[in-house]
Amino acid sequence: MTPLRLLVGLGNPGPEYEDTRHNAGFAWIEAAARQLGATLRPEGSYFGTAGRAHSPASPAGSVWLLMPMTYMNLSGKSVGALARFFKIQPAEILVVHDELDLPPGDMKLKLGGGNGGHNGLKDIQAQLGSADFWRLRLGIGHPGHKDAVAGYVLRRAPQAEREQLDECITKSLKALPQLLSGDLVKAQQTVHAKPPRPKPPKPAKPPVAPAEVPVSADVQGSP
């Protein structure tokens with residue numbers, strides 16, 4: 001299959017948006033950059049913060065990492081600029097984003113599909129002229145009513161949810177060599193694998209009765 005050449009994490013720039021649910025993609029890219037030893041720096045030509053990492057797993061020898069600094073609704077402006085310059089095809093791109101339709105702690109890796117009302121995905125589809133790029137959907141849960149979504153995604157998640165997101169990022173990055181080598185099917189298996197069920201405890205052995213010690217009768221003389 002086609003190896004990935006561009007990894008994109010979606011979010012909003014600025015300290016007021018740090019650790020908000022909508023910035024799950026930024027958190028993933030920062031962790032991927034640490035794993036790959038990439039340095040992320042502002043790249044005005046691509047309207048974002050970007051870095052290039054050497055990757056022995058990739059047939060191309062390297063991979064781009066990108067965090068669009070255009071705010072979420074214009075994410076495609078950044079992705080499209082970098083993809084066009086380096087002639088990167090949609091199927092060679094992974095977009096990592098927050099997902100309302102998955103509970104915290106769940107994630108899904110897939111190729112193509114709709115945008116689910118996600119404005120970042122909408123703009124990327126429009127700029128690339130295709131929906132056939134890979135997505136890693138990191139679950140953030142749903143507030144329960146569509147009118148509450150805007151405020152919900154722009155709020156900082158509680159610590160328990162943040163820990164669940166961190167666990168998803170750690171687990172999904174185990175599939176990074178497979179993503180870069182083009183073994184996307186194997187990468188999906190790694191991302192979607194459920195933890196093994198704990199083995200049932202072994203039945204307790206019945207207590208062992210203490211061995212009876214024979215008692216010798218005392219032989220006493222006649223009175």
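Trainee: Does Val 95 count as buried or exposed?
Mentor: Buried means under 20% relative accessible area, exposed over 50%, and partly exposed in between (1.4 Å probe, protein chains only). The relative accessibility of Val 95 is 0%, so this residue counts as buried.

Trainee: What kind of model is this, and what pLDDT do local features need?
Mentor: Residues are numbered from 1 along each chain as its sequence is written, and side-chain values use heavy atoms, with hydrogens and water left out. The model is predicted: totals for chains, interfaces and linings use all residues, side-chain atom pairs count only at pLDDT 80 or more, and local features need pLDDT of at least 70.

Trainee: Which residue of β1 is the bridge partner of Val 95?
Mentor: Val 95 lies in strand β5 (strands are DSSP E runs of at least two residues and helices H or I runs of at least four, numbered from the N terminus). Strand β1 (residues 6-9) runs parallel to β5 and is joined to that strand by four bridges. Contacts of Val 95 (heavy atoms within 4.5 Å), leaving aside residues up to four places away in sequence, include Val 8, Leu 10, Phe 133 and Trp 134. The residue bridged to Val 95 is Val 8.

Trainee: Which strands stand at the edges of the sheet, and why is one side of each left without a neighbour?
Mentor: The seven strands form an open sheet of mixed pairing in the order β2-β3-β4-β1-β5-β7-β6, where two strands pair if DSSP finds at least two bridges between them. A strand with a single partner strand has one side left without a neighbour in the sheet, and therefore the edges are β2 (41-43) and β6 (107-111).

Trainee: What angle does helix α1 make with β4?
Mentor: Axes are lines fitted to C-alpha atoms, for helices over the stretch in contact, and angles run from 0 to 180 degrees between N-to-C directions. Helix α1 (residues 24-36) packs on the sheet, where it touches β1, β3 (48-54), β4 (62-68), β5 and β7 (134-139). Its direction and that of β4 make an angle of about 150°.

Trainee: Which strands does helix α7 lie across, and at what angle does it run to β6?
Mentor: Helix α7 spans residues 184-192. It lies across β6 and β7, and its angle to β6 is about 165°.

Trainee: How many residues of helix α2 are buried?
Mentor: Helix α2 (residues 75-85) is mostly covered. Among its buried residues are Ser 75, Val 79 and Leu 82, and their cover includes β1, β3, β4, β5 and α3 (119-128). Of the eleven residues in α2, the buried ones number eight.

Trainee: Which helix gives the largest share of the lining of the largest cavity?
Mentor: On a 1 Å grid over the protein atoms alone, a cavity is a set of points where a 1.4 Å probe fits but cannot get out, a pocket is an open set with protein on both sides within 12 Å along at least five of seven lines, and lining residues have an atom within 4 Å of a point. The largest cavity holds about 90 Å³, and its lining includes Asp 19, Arg 21, Glu 161 and Arg 162. Three of the lining residues come from helix α5 (residues 159-173).

Trainee: How much space lies in the largest pocket?
Mentor: Of its 19 lining residues, those closest to the centre are His 22, Leu 100, Gly 117, Val 149 and Val 153. Both β5 (93-99) and α4 (149-153) give two or more residues to this lining, and the largest share, three residues, is that of α4. The space in this pocket is about 360 Å³.

How values were computed: Points joined across faces, edges and corners; volume = space filled by probe spheres on them.
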